[in-house]
Amino acid sequence: MALIAPSLLSANFLNLQQDCNMLNESQADWFHLDVMDGRFVPNISFGPMLVSFFRKATTKYCDVHLMIEEPERFADAFKDAGADSLTVHLEACRHLHRNIQQIKSLDMHCGVAINPHTPVESLTDILGDIDLVCMMSVNPGFGGQSFIPHTIHKIKHLRKLIDEAGLNVKIEVDGGVTLQNAGEIIAAGADVLVAGNTVFKSNDPSATIASLKKI
């Protein structure tokens, strides 16, 4: 059964407390928090201060996805804000192994995200050092995009690499996840489903989360 990580980027920012309460009472496993800087991606979302508010609003796992340049400058701030894990983008890190070491030294789980154009083989030398791979199934920066079908092939490839190496690394899929394609994504080898619009734009977000958990 996959873990469900609703992306708060799609929540109602005029009433975040209500959406946090809904997630707390739902079958959601994680809070997925998308941080964007307007440099690495063409959008700006929020920073450590808002992450600290989410941390106060839940006891669930806070999965912070940094879509930012120079993530090493902010790792301490996100640790202080209460992040349980930090995911950095391979494409944004000049010294990826150093970034991973920094996050681990702060006693957080570490993830590495790859964009749709980035080959899975780029992860080979660091898979043994991380806890999670965030497979972007849309181009990062905006919610509400459609799932890129080629991602299924990439998930299968990554699952094979992880299993053959005997590693305990989760595959998280982020972007365009719906009730219609979740089954295929899980069958390909995904462990965590990030769902934004699918959850928060539905008529009954809690029931949608429950449906995703059943797949």
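Reader: Why is glutamate 70 called partly exposed?

Author: This is a predicted model, and in it glutamate 70 has a relative accessible area of 34%. Buried means under 20% and exposed means over 50%, so glutamate 70, at 34%, counts as partly exposed. You'll find glutamate 70 in the loop between strand S3 (61–67) and helix H3 (75–81).

Reader: What makes the phi of glutamate 70 worth a look?

Author: Its sign. Most residues other than glycine have a negative phi. Glutamate 70 has a positive phi of about 50°, although it is not a glycine. Aspartate 107 is another case, with a positive phi near 65°. Aspartate 107 sits in the loop between helix H4 (96–105) and strand S5 (109–114).

Reader: What makes aspartate 107 count as exposed?

Author: The cut-off for exposed is over 50%. Aspartate 107 has 66% relative accessibility, so it counts as exposed.

Reader: How do you know that glutamate 70 and arginine 73 meet in a salt bridge?

Author: A side-chain nitrogen of Lys or Arg has to be within 4 Å of a carboxyl oxygen of Asp or Glu. For glutamate 70 and arginine 73 the N to O distance is 3.5 Å, so the pair passes. Arginine 73 counts as exposed, at 54% relative accessibility. Arg39, Glu70 and Arg73 are linked in a network of salt bridges. The count for the model comes to 7 salt bridges.

Reader: What makes aspartate 29 and lysine 213 a salt bridge, and which parts does the pair tie together?

Author: Their side chains meet at 3.0 Å, N to O, and the limit is 4 Å. Aspartate 29 is in the loop between H1 and S2 and lysine 213 is in helix H8, so the pair ties together parts that are 184 residues apart in sequence. Aspartate 29 is partly exposed, with a relative accessible area of 23%. Lysine 213, at 9% relative accessibility, counts as buried.

Reader: What about aspartate 191 and arginine 159?

Author: Their side chains meet in a salt bridge too, at 3.0 Å, N to O. Aspartate 191 lies in the loop between H6 and S8 and arginine 159 in helix H5, so this pair links parts that are 32 residues apart in sequence. Arginine 159 counts as buried at 17%, whereas aspartate 191 is partly exposed at 25%.

Reader: How do you know that lysine 154 has no salt bridge?

Author: The nearest side chain of opposite charge, glutamate 91, is 7.1 Å away, and a salt bridge needs a distance within 4 Å. Lysine 154 is buried all the same. Lysine 154 lies in helix H5 (residues 151–165). Leaving out residues up to four places away in sequence, it touches Ile114, Asn115, Pro116, His117, Thr118, Val120 and Met135.

Reader: Why is alanine 28 called buried?

Author: Its relative accessible area is 5%, and buried means under 20%. Alanine 28 has its place in the loop between helix H1 (16–25) and strand S2 (30–36). Outside its neighbours within four places in sequence, alanine 28 is in contact with Ile4, Pro6, Leu23, Lys60 and Ile209.

Reader: What makes the lining of the largest pocket 11 nonpolar, 13 polar and 2 charged?

Author: Gly counts as polar here. The residues closest to the centre of the pocket are Gly143, Gly144, Gly175, Gly176 and Gly196, among the 26 that line it. The split is 11 nonpolar, 13 polar and 2 charged. About 340 Å³ of space lies in this pocket.

Notes:
Residues numbered from 1 in each chain as written. Predicted model: local features only at pLDDT ≥ 70, side-chain atom pairs only at ≥ 80, totals over all residues. Heavy atoms only, no water. Helix = DSSP H or I, 4+ residues; strand = E, 2+ residues; numbered from the N terminus. Buried < 20%, exposed > 50% of the residue type's maximum accessible area, 1.4 Å probe, protein only. Contact = heavy atoms within 4.5 Å. 1 Å grid on protein atoms, 1.4 Å probe; cavity = no way out; pocket = protein on both sides within 12 Å on 5 of 7 lines; lining within 4 Å. Points joined across faces, edges and corners; volume = space filled by probe spheres on them. Lys, Arg positive; Asp, Glu negative; His and termini not counted.
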